[in-house]
Amino acid sequence: MNQEQILEHFRDTNALLEGHFILSSGLHSSKYLQCALALQYPSDAAKFGRAIAGHFINENIETVASPAIGGLIIGFAVAQSLNVRFIWTERQNGEMTLRRGFSVKKGEKILVVEDVITTGGSTRECIAALEKRGARISNAASIIDRSNGAAETGVPRIALVNLDVPSYTPEECPLCRQGIEAVKPGSRQEVEK
Ligand SMILES: [Zn+2]
């Protein structure tokens, strides 16, 4: 599966919209990503899982971990493909932590998987929560890297697709300047209401 085939799947499922969007941050962008739409069918999620797992087949990964909620489906799919354990971190009072009785061994070799990396923030928080408990995070991975390689996670990282998605303040947005109407795609919050 190459980058273009993956993007085609994202467009076909409306997981990648192109136009003029107002992001939840208030910034404007010509692209909008909602990865969950690309993973609705388990067979698609499994395909992306195998593609990511292929990069780590000889790495003796013991466990795959993901930050909830975004990383859950793809993390599970990668773990299934590598035939290893899958756990996740989630927020408690704002802090990313390991709950539900999940534990890690000292030195356990873990791959952290997310759906989309933007700034790398939730991957870094997931890594920190696991390292605090003695695990060793060897790598990080995502389906999409919308920082086009710029996001730092502190560990070697791969993405199936690298996207350069510039965002602008409304004042400096070139699409606004062209008079194209900006739309606000359904946000996660709106869906959860
Ligand atoms: Zn704009």
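The following questions and answers examine a predicted model of one protein chain.

User: What is the mean pLDDT of the chain, and over which residues is the pLDDT below 50?
Analyst: In this predicted model, 96% of the residues reach a pLDDT of 70 or more, and the mean for the chain is 93. One stretch has two contacts in the model beyond near neighbours in sequence, and its pLDDT is below 50. That stretch is residues 188–193.

User: How far apart are the end C-alpha atoms of helix α2, and what span should its twelve residues have?
Analyst: Helix α2 covers residues 42–53, which makes twelve residues. The expected span is 1.5 Å times one less than the number of residues. For α2 this gives 16 Å, and the model agrees because its end C-alpha atoms are also 16 Å apart.

User: Which residues of α2 are buried?
Analyst: A residue counts as buried when its relative accessible area is under 20%. An α-helix has 3.6 residues a turn, so residues three or four places apart point the same way. The cover over the buried residues of α2 includes α1 (3–12), α3 (72–82), β6 (109–117), β7 (136–145) and β8 (157–162). The buried residues are Asp44, Ala45, Phe48, Gly49, Ile52 and Ala53.

User: Which element gives the most residues to the largest nonpolar core?
Analyst: In soluble globular proteins, nonpolar side chains tend to be buried together. The largest nonpolar core here has 32 residues, and those with the most contacts inside it include Phe10, Ile52 and Ile143. Two or more residues come from each of α1, α2, α3, β6, β7 and β8. The element that gives the most, with five residues, is α3.

User: How many residues does the second, separate core have?
Analyst: This core is separate, and it includes Val104, Ile110, Cys126 and Ala140. Its number of residues is 13.

User: Which residues of α2 are in contact with isoleucine 143?
Analyst: Neighbours within four places in sequence are left aside here. The contacts of isoleucine 143 then include Ile6, Phe10, Ile74 and Val161. Helix α2 runs over residues 42–53, and the contacts of isoleucine 143 that fall in this range are Phe48 and Ile52.

User: In the open sheet, which strands are at the edges?
Analyst: The sheet has three strands in the order β1-β2-β9, with antiparallel pairing. Strand β1 pairs with β2 (residues 28–33) over five bridges, and glutamate 18 has lysine 31 of β2 as its bridge partner. An edge strand pairs on one side only, and the two that do so are β1 (16–22) and β9 (167–168).

User: Is asparagine 93 buried or exposed?
Analyst: Asparagine 93 lies in the loop between β4 (85–92) and β5 (95–98). Although it is not a glycine, asparagine 93 has a positive phi of about 50°. Its relative accessible area is 82%, and the cut-off for exposed is over 50%. Asparagine 93 is therefore exposed.

User: Which residue follows alanine 68 across a cis peptide bond?
Analyst: The bond in question has an omega near 0°. The residue that follows is placed in the loop between β3 (63–67) and α3. It is isoleucine 69.

User: What does the side chain of serine 147 reach at 3.1 Å?
Analyst: Serine 147 is in the loop between β7 and β8 and counts as buried because its relative accessibility is 16%. Beyond residues up to four places away in sequence, serine 147 touches Ile117, Thr118, Arg157 and Leu163. At 3.1 Å its side chain reaches the backbone nitrogen of alanine 150.

Technical notes: Residues numbered from 1 in each chain as written. Predicted model: local features only at pLDDT ≥ 70, side-chain atom pairs only at ≥ 80, totals over all residues. Heavy atoms only, no water. Helix = DSSP H or I, 4+ residues; strand = E, 2+ residues; numbered from the N terminus. Buried < 20%, exposed > 50% of the residue type's maximum accessible area, 1.4 Å probe, protein only. Contact = heavy atoms within 4.5 Å. Pairing = 2+ DSSP bridges. pLDDT = per-residue confidence, 0-100. Polar contact = N/O pair within 3.5 Å; in protein donor to acceptor, adjacent residues only side chain to side chain. Core = buried A, V, L, I, M, F, W, Y, C linked by side-chain atoms within 4.5 Å.
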